[in-house]
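I am opening a fresh page in my notebook. Come along while I look up which side chains meet and how.

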Amino acid sequence: MEARALASLADKSGTAAALNRAEQAFETRNLGADPEWVSYFDALELAGEGSHCFRDLGDGHRAKYFTAQAIDPVLTPPRTRAFIQTVSAAGSLANGERHEGVALATEAVELADGLQSMRYLRYLTDFCKALRSVKAERELSQNFDQLLKARYPKLALPPAA
């Protein structure tokens, strides 16, 4: 959580140091001594936290690196995959890979199946803002906008530039 907070403040070196400490603590943990409330936190969750940090820092390459480690095709539930796919989509946009970003975001919307989490809706809105800022091909953004309007009619999309 420290790394996430530092990433939100655009503190790249602080974020990297906090993630490094988290990875070291994770590697040396004693599974039998962990409290039950943290039992869900595994290597996939840790990678997911890293992906969010680097997305917030605008480091698309590292965000995508961590998202690749955060999803297990069998174990990761669709809701979590939708979150991580949206983070990966933002990483693709940051890397200048507009088509891949939209494809990942489209897959995330389909995985979410109408998920109404405020955090997820914020991720989608942020993705749309980023898509507008990279001036994606009109058809590319229009198709994605149509999908969002069909699945999330109440979502306030940022205006097209």
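Are tyrosine 120 and tyrosine 152 buried or exposed? I checked this pair before anything else, keeping in mind that the model is predicted. I found tyrosine 120 buried, and tyrosine 152 buried as well.

**Entry: aromatic rings**

I looked up ring pairs and got eight aromatic pairs in the structure. One of them joins tyrosine 65 to phenylalanine 66, with 5.3 Å from centre to centre and 90° between the planes, and I noted it as edge-to-face. I then asked how open each partner is: tyrosine 65 is exposed at 52% relative accessible area, whereas phenylalanine 66 is buried at 11%.

Next I went back to my opening pair. The ring centres of tyrosine 120 and tyrosine 152 are 6.2 Å apart and their planes stand at 55°, so I wrote this pair down as tilted. Tyrosine 120 belongs to helix 7 (residues 118-133), while tyrosine 152 is in the segment after helix 8 (138-151), so the two rings tie together parts 32 residues apart in sequence. I also saw that ring pairs link these two tyrosines with Phe83 and Tyr123 into a cluster.

**Entry: charges over rings**

Phenylalanine 83 came up again here, since I was looking for charges above rings. Arginine 119 lies over the face of phenylalanine 83, 4.1 Å from the ring centre. I found another case at phenylalanine 26, where the charged end of arginine 29 sits over the ring at 3.6 Å from its centre.

**Entry: salt bridges**

How many salt bridges does the structure hold? I get six. Among them is glutamate 49 with arginine 4, whose closest N and O atoms are 2.7 Å apart. Glutamate 49 is in helix 3 (residues 43-57) and arginine 4 in helix 1 (residues 2-8), so this bridge ties together parts 45 residues apart in sequence. I noted glutamate 49 as buried, at 16% relative accessibility.

Lysine 64 and glutamate 100 also meet in a salt bridge, at 2.7 Å from N to O. Because lysine 64 lies in helix 4 (residues 60-70) and glutamate 100 in helix 6 (residues 98-112), the pair ties together parts 36 residues apart in sequence. Glutamate 100 is partly exposed, at 34%.

I added the bridge between aspartate 59 and arginine 62, at 3.1 Å from N to O. Arginine 62 is partly exposed too, with a relative accessible area of 47%.

**Entry: cysteines**

My last search covered the whole structure for disulfides and found zero. I looked up cysteine 53, which is buried at 0% relative accessible area. Cysteine 128 is buried as well, also at 0%.

Terms used. Residues numbered from 1 in each chain as written. Predicted model: local features only at pLDDT ≥ 70, side-chain atom pairs only at ≥ 80, totals over all residues. Heavy atoms only, no water. Disulfide = S-S within 2.5 Å. Buried < 20%, exposed > 50% of the residue type's maximum accessible area, 1.4 Å probe, protein only. Salt bridge = Lys/Arg side-chain N within 4 Å of Asp/Glu carboxyl O. Helix = DSSP H or I, 4+ residues; strand = E, 2+ residues; numbered from the N terminus. Phe/Tyr/Trp six-rings, centres within 6.5 Å; stacked < 30°, edge-to-face > 60°. Lys NZ or Arg CZ within 6 Å of the ring centre and 35° of its normal.
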